[in-house]
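Q: Please give a close look at a single part of the chain shown below, in words suited to a first-year student. How is this part built, and what surrounds it?

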Amino acid sequence: MAESSTATKTDLSNADQADMTIKSYCGWAAGAGLIPLPYVDLAAIIGVQMKMLNDLSKLYDTPFKENAGKSAVSALLVTAIPSGYAGAAASSVKMIPGIGTLLGAAVVPGAAAAATYAIGKVFKQHFESGGTMLTFDAEKMREHFQAEFDSAKSSSRKTTSS
């Protein structure tokens, strides 16, 4: 049986494998968002996102540059959704005893998963078109990132309201 699952994974296109990778890391990012310590959660989320970019880079056989990845992710988050993500502000809420932890747990995991999904989709498209970590232009990908982020947030709301 192990052979058939390995064969199935090998038979998948890079795009399909990238989608599976992105979905997996969205779960990890949401889990990291549940860490009750302010800013520790953000560090964990960034770590998850960097690991996802590393895995996507390997999948598309392009060198991973952590500093370039951090810069690209920061640029996407800051330019595309300055008030919508507000990750630091949401994380800061966790400093309020009791209610802050609950509010943070309600907001941060969803925002982390949506941002991770959008980052993954943007880099998947970039790598599919032959781009590398060093040729990534956050400004050119801003609209695509925002659309993917909004789609992920909308999808999350539909899932939780069902």
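The part to be examined is the helix α3 (40-59).

A: This is a predicted model, in which local features need pLDDT of at least 70 and side-chain atom pairs count only at pLDDT 80 or more, whereas totals for chains, interfaces and linings use all residues. Residues are numbered from 1 along each chain as its sequence is written, and side-chain values use heavy atoms, leaving out hydrogens and water.

The setting comes first. The chain contains seven helices and zero strands, these being DSSP runs (helices H or I, at least four residues; strands E, at least two) numbered from the N terminus. The mean pLDDT, the predictor's confidence in each residue from 0 to 100, is 84 for the chain, and 81% of residues reach 70 or more. Residues 1-7 have a pLDDT below 50, and beyond near neighbours in sequence this stretch makes zero contacts in the model, a contact being heavy atoms within 4.5 Å. Where pLDDT is low, the predicted coordinates should not be read in detail.

The helix α3 itself has 20 residues. From its first C-alpha to its last it reaches 29 Å, close to the expected 28 Å, which is 1.5 Å times one less than the number of residues. Just after α3, Asp61 adopts a positive phi of about 55°.

Which residues of α3 are buried? They are Asp41, Leu42, Ile45, Val48, Gln49, Met50, Met52, Leu53, Asn54, Leu56 and Ser57; buried means under 20% relative accessible area with a 1.4 Å probe, protein chains only. Across the 162 residues of the chain, 39% count as buried.

One partner of α3 is α2 (14-33). Their axes, lines fitted to C-alpha atoms over the stretch in contact, come within 9 Å and cross at roughly 170°. The two helices are therefore roughly antiparallel, a term for angles over 145 degrees. Among the residues that meet there are Ile22, Tyr25 and Trp28 of α2, and Ile45, Val48 and Met52 of α3.

The helix α3 also supplies at least two residues of the largest nonpolar core, as do α2, α4, α6 and α7. This core has 36 residues, and such a core joins buried Ala, Val, Leu, Ile, Met, Phe, Trp, Tyr and Cys residues through side-chain atoms within 4.5 Å. Its largest share, 10 residues, comes from α6. Leu53 and Ile119 are among the residues with the most contacts inside the core. Leaving aside neighbours within four places in sequence, Ile119 is in contact with Gln49, Met52, Leu53, Val73, Leu76 and Phe145.

Conventions: Buried < 20%, exposed > 50% of the residue type's maximum accessible area, 1.4 Å probe, protein only. Axes fitted to C-alpha atoms, helices over the stretch in contact; angles between N-to-C directions. Parallel < 35°, antiparallel > 145°, perpendicular 65-115°, else oblique.
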